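Work through the exercises below with the model open, and attempt each task before reading its solution.

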Amino acid sequence: MLLLSRTDCSGFGEYGFVMAKKLEHDINLIAFSERMNEVCDDMGVPPKGHNRQATLGRLFKVTQKGARKWLVGEGYPKMSIAIEIAKWARINIQWLLMGE
């Protein structure tokens, strides 16, 4: 996980710090989506372009759009759903969410 401090962005002031935090958040979301896709591959969920989003949505009772956000790095699932995913896939929740 990328960690930034205010001193990393000191040349840009508060704006630089805010932008760096957004970048860190975006990087973490992309990493989460990569882990989520890996889990789907391992669990036999159809690949991208073959109803992966819809299948995931049905499995966890969310919309296809909601599942899409997890798979493309636009959002995280609610904690209760993340726990369900981890149990379903028999993986560590901390690894799923944080890569640890």
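The exercises that follow deal with a core, a helix and a pocket.

The model is predicted, with pLDDT of at least 70 needed for local features and 80 or more for side-chain atom pairs, while totals for chains, interfaces and linings use all residues. Residues are numbered from 1 along each chain as its sequence is written, and side-chain values use heavy atoms, without hydrogens and water.

**Exercise 1.** Find which residues of the largest nonpolar core touch the most other members.

Solution. A nonpolar core is a set of buried Ala, Val, Leu, Ile, Met, Phe, Trp, Tyr and Cys residues joined through side-chain atoms within 4.5 Å, where buried means under 20% relative accessible area (1.4 Å probe, protein chains only). Among its 16 residues, Met36, Leu56, Trp70 and Ile85 touch the most other members. Leaving aside residues up to four places away in sequence, Ile85 touches Met36, Phe60, Trp70, Pro77 and Leu96, a contact being heavy atoms within 4.5 Å.

**Exercise 2.** Determine how the buried residues of H4 are placed around its axis.

Solution. Helices are DSSP runs (H or I, at least four residues), numbered from the N terminus. The buried residues of H4 are Ile81, Ala82, Ile85, Ala86 and Ala89. They lie on the same side of H4 because they cover an arc of only 140° around the axis, taken from the directions from the helix axis to the C-beta atoms. After H4 comes Arg90, with a positive phi near 55°.

**Exercise 3.** Identify which element gives the largest share of the lining of the largest pocket.

Solution. H3 gives the largest share, 3 residues.

Note on methods:
Buried means under 20% relative accessible area, exposed over 50%, partly exposed in between (1.4 Å probe, protein chains only). Helices (H or I, at least four residues) and strands (E, at least two) are DSSP runs, numbered from the N terminus.
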